[in-house]
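Ready for a few exercises on pockets and the molecule that sits in one of them? Keep the structure open beside you and try each task before reading its solution.

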Amino acid sequence: MKLLVIGGTGKTGHELIKQGLAQGHVITAVVRKPKKIKYSNPNLYVEKGDVLVPKSFERLVKGQDAVLSALGHKQFIIRTTILSRGTKNIVSAMSRNQVKRFICITSLGINDSKFKLGLYYTLFTIPFILYFYFLDKSKQEKIIMDSALEWTIVRPGQLTNGKKRTIYKHGSNVGHYILTKMISRADVAHFMLYILNTNSYLKSTVGITN
Ligand SMILES: NC(=O)c1ccc[n+]([C@@H]2O[C@H](COP(=O)([O-])OP(=O)(O)OC[C@H]3O[C@@H](n4cnc5c(N)ncnc54)[C@H](OP(=O)(O)O)[C@@H]3O)[C@@H](O)[C@H]2O)c1
């Protein structure tokens, strides 16, 4: 398939590119700083673009079979709208170019998965550190859900840099109200590529943890 990957310079995005190429997909990575991608492959096209600037990436959406987003950032403390604005631009560009399949990472703890990142996140990390980030993620999800795209929202537990195990739980009941369940970025990428091939979880949210 022809895939557009957003967030390819990030840790999960890197896994999406690496595993996607290994599966034979042709990947276009939209990145703000192309020099950050330090590897090459005949099936990888690295293009400069910023999801906050529609003109910078819209032409790259045309002709893709799907868009996979691992968009994220570390501006937690200040009020931010990067995820929702960026995603709105991605959704609009996809709609205009008749690209339907969109798989996007948000997080457990958002909207109807509230409290499912465990007690420590519920009582401390989300209200005191991730409050604005999660507010923006919640808006991000609503923009995707309100779209006419064939979307899947993937909500991981706490991310790790662990190895790809390909053994994990996924579904609407994943997560825990007391414990913080984890999942490696490699397995999140594996799952996103898996549902792309099977067309599972269309127009659904899905949690994923070990
Ligand atoms: N950490 C956790 O425990 C956890 C748990 C659940 C869910 N998540 C979510 O999982 C997702 C992936 O996490 P991660 O740790 O792999 O992310 P990451 O390493 O922080 O990567 C984020 C990516 O988004 C890109 N990006 C940011 N702003 C952009 C813009 N305006 N235009 C284009 N690209 C932009 C970054 O590009 P630059 O390299 O240019 O900055 C980077 O490639 C995030 O949404 C995160 O919130 C994380």
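A residue counts as near a molecule if one of its heavy atoms lies within 4 Å of it. Keep in mind that this is a predicted model.

**Exercise 1.** Find out how many residues surround the ligand and which of them come nearest.

*Solution.*
Step 1: Collecting the residues around the ligand gives 24.
Step 2: Within this shell, Thr9, Thr12, Lys36, Leu71 and Tyr133 come nearest.
Step 3: Now sort the shell by class: eight residues are nonpolar, nine are polar and seven are charged.
Step 4: Look for the elements behind the shell. Helix H1 (11-22), helix H5 (131-145) and strand E7 (158-160) supply at least two residues each.

**Exercise 2.** Look for polar backbone atoms beside the ligand: what distances separate the ligand from Gly7, Val51 and Gly72?

*Solution.*
Step 1: Start at Gly7, where a polar backbone atom is 3.2 Å from an oxygen atom of the ligand.
Step 2: Move to Val51. Here the partner is a nitrogen atom of the ligand, 3.0 Å from a polar backbone atom.
Step 3: Finish at Gly72, which has a backbone N or O atom 3.2 Å from a ligand oxygen.
Step 4: Check the cover as well: on its own the ligand has 930 Å² of accessible area, and the protein covers 87% of it.

**Exercise 3.** Decide which pocket holds the ligand, and describe the lining of that pocket.

*Solution.*
Step 1: The ligand sits in the largest pocket.
Step 2: The volume of this pocket is about 1200 Å³.
Step 3: Its lining is made up of 40 residues, and Leu71, Gly72, His73, Lys74 and Tyr133 lie nearest the centre.
Step 4: By class, the lining has 18 nonpolar, 14 polar and eight charged residues.
Step 5: H1, strand E2 (26-31), helix H4 (119-129), H5 and E7 each give the lining at least two residues.

**Exercise 4.** Turn to the second largest pocket: which helix gives the most to its lining?

*Solution.*
Step 1: Begin with the volume of the second largest pocket, about 260 Å³.
Step 2: Locate some of the lining residues, including Gly109, Phe115, Thr122, Tyr131 and Ser138.
Step 3: Two helices, H4 and H5, each supply at least two lining residues.
Step 4: H5 gives the most, with four residues.
Step 5: Sorted by class, the lining has seven nonpolar residues, four polar and one charged.

How values were computed
Residues are numbered from 1 along each chain as its sequence is written. This is a predicted model: local features need pLDDT of at least 70, side-chain atom pairs count only at pLDDT 80 or more; totals for chains, interfaces and linings use all residues. Side-chain values use heavy atoms; hydrogens and water are left out. A polar contact is a pair of N or O atoms within 3.5 Å; within protein, one must be able to donate a hydrogen and the other to accept it, and residues adjacent in sequence count only if both atoms are side-chain atoms. Accessible areas come from the Shrake-Rupley method with a 1.4 Å probe; for residues, only the protein chains shown count as cover. On a 1 Å grid over the protein atoms alone, a cavity is a set of points where a 1.4 Å probe fits but cannot get out, and a pocket is an open set with protein on both sides within 12 Å along at least five of seven lines; lining residues have an atom within 4 Å of a point. A molecule sits in a cavity or pocket if more than half of its atoms lie within 2 Å of its grid points. Ala, Val, Leu, Ile, Met, Phe, Trp, Tyr, Cys and Pro count as nonpolar, Asp, Glu, Lys and Arg as charged, and the others, Gly among them, as polar. Grid points are joined across faces, edges and corners, and a volume is the space filled by probe spheres set on the points.
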